[in-house]
Amino acid sequence: MRKLKASHKIIYNKMIKTRTEIIICGDLCPTNDTLPFFEEQNESSLFNDVLPIFQNADFVMGNMEFVLTDNPKSILKAGPVLWGKIRYINIFKNAGFHLLSLANNHIKDCGSSGVQSSLEACEQAGIAILGAGKNLQEAKKSYIKIINGWKIGFFAFAEQEFNVATDSDYGANYLDPYEDLDAIRSLKKQVDFVIVIYHGGIEYYEYPSPLLQKKCRKFIDKGADLVTCQHSHCIGTIENYLSKKIIYGQGNTLFGYRKNDESWNQGLLLKLILSEDNEGLEVNYIPVEATPSGIKVMNNENVTKLLSLLQEKSKYTEDFTFIQNSWEAFCSRKKQSYMPYLLGFNRFLIHFNRITKNGLVFFLFRKKYIRTSSNIIRCEAHNEVIQTILKEYLNHK
């Protein structure tokens with residue numbers, strides 16, 4: 001009799017898994033052309049025919065790449081400061097978002113208070129957050145969600161700029177390979193699928209850098225079932241690695257319309273299908289595009305062209321020589337932008353700077369320039385660019 005009861009209990013507790021759709025958006029940020037929609041709380045006109053895709057999915061997430069605050073006080077940094085009013089969170093709530101990643105390079109644009117207000121706004125709206133917290137320990141927490149019987153684990157990482165959390169301060173999660181790779185492996189033991197969102201790589205570059213590719217492959221090695229990279233503001237390439245997908249750039253989902261800038265205006269929504277008929281995650285791609293009136297699903301003709309080009313470009317991700325040569329050529333084109341931030345002194349000037357106790361540095365390079373140099377050194381993607389440029393320079397001089 002007891003055996004029958006025990007057997008009955010096991011069957012009763014077993015979760016039934018049904019077909020499930022998950023939508024992963026790329027970068028989301030209000031801009032001058034979309035602000036009226038945020039002000040009016042008009043998600044229908046903002047998302048147009050993309051909205052039914054969200055509403056028909058079982059789970060929707062994306063990267064909120066701006067600060068939610070009604071008291072914007074910008075930190076001293078290099079680059080733009082991105083923020084929006086706290087009530088803008090309602091756009092995402094009403095559109096059907098369940099989870100927002102805050103692991104990006106802008107979440108701390110308004111300091112610790114901006115991170116705090118963003119976390120609180122999401123909580124009050126009933127939207128879960130990932131990749132940021134009141135300290136590094138909180139920011140590093142994974143997010144686990146049971147959806148129609150499927151247990152899904154999410155991790156989000158951002159490269160280090162003016163954004164990261166510390167042991168005692170608010171900010172975003174950054175990748176610590178000494179701990180986080182083990183954390184991915186540990187998470188995999190607890191869930192059916194692990195999804196890693198990596199906010200990094202270099203902007204406007206469609207292929208992975210050698211280092212980015214190495215990282216993303218390692219995520220898969222450690223148990224990730226899907227890796228998607230954001231931040232590049234362009235659609236990148238897709239690699240099939242150990243029967244898993246790595247997306248090297250989703251492009252923008254909502255970041256404003258730019259006239260005659262096709263790359264900026266296009267983005268990919270990832271539609272993941274979970275089914276017991278499939279061994280792993282089925283990944284589909286829904287191209288969207290920015291227009292002067294919000295974002296829309298790309299028309300069939302352009303979808304065919306884009307996916308065909310994407311498939312063709314993606315063939316090169318397995319060619320190490322191509323990846324290396326393409327990266328070096330890209331970095332070579334960036335010399336004029338990067339070298340002035342890092343170099344500029346000859347031996348005489350170094351000696352004079354020593355005599356003046358760094359006075360020459362502070363005279364020629366104000367703090368805003370020093371902040372830019374600091375960012376190049378600590379940010380993994382920028383550091384890889386400058387290292388490549390310096391290597392080429394030294395080998396040819």
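Let me start with the lining of the second largest cavity, whose residues divide into two nonpolar, five polar and two charged. The model I am showing is a predicted one, and in it this second largest cavity holds about 40 Å³ of space. If you would like to find the lining on the screen, look for N104, N105, A158, E159, E161, N163, H199, H231 and C379.

How many cavities of 30 Å³ or more does a search of the whole structure find? The search finds two, and the largest of them contains about 150 Å³ of space. Of the 19 residues that line this largest cavity, those closest to its centre are G200, G201, I202, S209 and L212. The elements that give two or more residues to the lining are helix 9, at 210-221, strand 12, at 226-230, strand 14, at 244-250, and helix 17, at 380-395. Helix 9 provides the largest share, which is three residues. Sorted by class, the lining of the largest cavity has ten nonpolar, six polar and three charged residues. For those who are new to this kind of analysis, rolling a probe the size of a water molecule over the atoms shows where empty space is left.

Let me turn from cavities to a pocket. The second largest pocket has a volume of about 450 Å³, and of the 22 residues that line it, the closest to its centre are E262, S263, Q266, M298 and L306. At least two lining residues each come from strand 13 (235-241), helix 10 (262-265), strand 17 (282-291) and helix 11 (300-314). Which of the elements gives the most to this lining? That is helix 11, with six residues. By class, the lining of the second largest pocket divides into eight nonpolar, seven polar and seven charged residues.

Some of the strands I have just named also belong to a sheet. Six strands form this open sheet, with mixed pairing, and their order is 8-9-11-12-14-13. Why is one side of strand 8 and of strand 13 left without a neighbour in the sheet? Strand 8 (143-147) and strand 13 stand at the edges and each has a single partner strand, so one side of each remains without a neighbour there. On average, and with direction ignored, neighbouring strands of this sheet are turned by 15° against each other. As a general reminder, the strands of a sheet pair through backbone hydrogen bonds, either parallel or antiparallel.

Within the sheet, strand 12 and strand 14 run parallel and are joined by four bridges. If you look at C229, you will see that it stands opposite Y248 in strand 14. Helix 8, residues 180-188, lies across strand 8, strand 9 (150-158) and strand 11 (193-199), and it runs at about 170° to strand 9.

Finally, I come back to helix 17, which we met at the largest cavity. Helix 12, made of residues 320-333, packs with helix 17 at an angle of about 90°, and the axes of the two are 9 Å apart. An angle of 65 to 115 degrees counts as roughly perpendicular, and so helix 12 is roughly perpendicular to helix 17. On the side of helix 12, the contact is made by W327, E328, C331 and S332, while helix 17 brings E384, V385, T388, I389 and E392. Taken together, the residues of this contact divide into four nonpolar, two polar and three charged.

Technical notes:
Residues are numbered from 1 along each chain as its sequence is written. This is a predicted model: local features need pLDDT of at least 70, side-chain atom pairs count only at pLDDT 80 or more; totals for chains, interfaces and linings use all residues. Side-chain values use heavy atoms; hydrogens and water are left out. On a 1 Å grid over the protein atoms alone, a cavity is a set of points where a 1.4 Å probe fits but cannot get out, and a pocket is an open set with protein on both sides within 12 Å along at least five of seven lines; lining residues have an atom within 4 Å of a point. Grid points are joined across faces, edges and corners, and a volume is the space filled by probe spheres set on the points. Ala, Val, Leu, Ile, Met, Phe, Trp, Tyr, Cys and Pro count as nonpolar, Asp, Glu, Lys and Arg as charged, and the others, Gly among them, as polar. Two strands pair if DSSP finds at least two bridges between them. Axes are lines fitted to C-alpha atoms, for helices over the stretch in contact, and angles run from 0 to 180 degrees between N-to-C directions. Contact means heavy atoms within 4.5 Å. Angles under 35 degrees count as roughly parallel, over 145 as roughly antiparallel, 65 to 115 as roughly perpendicular and the rest as oblique.
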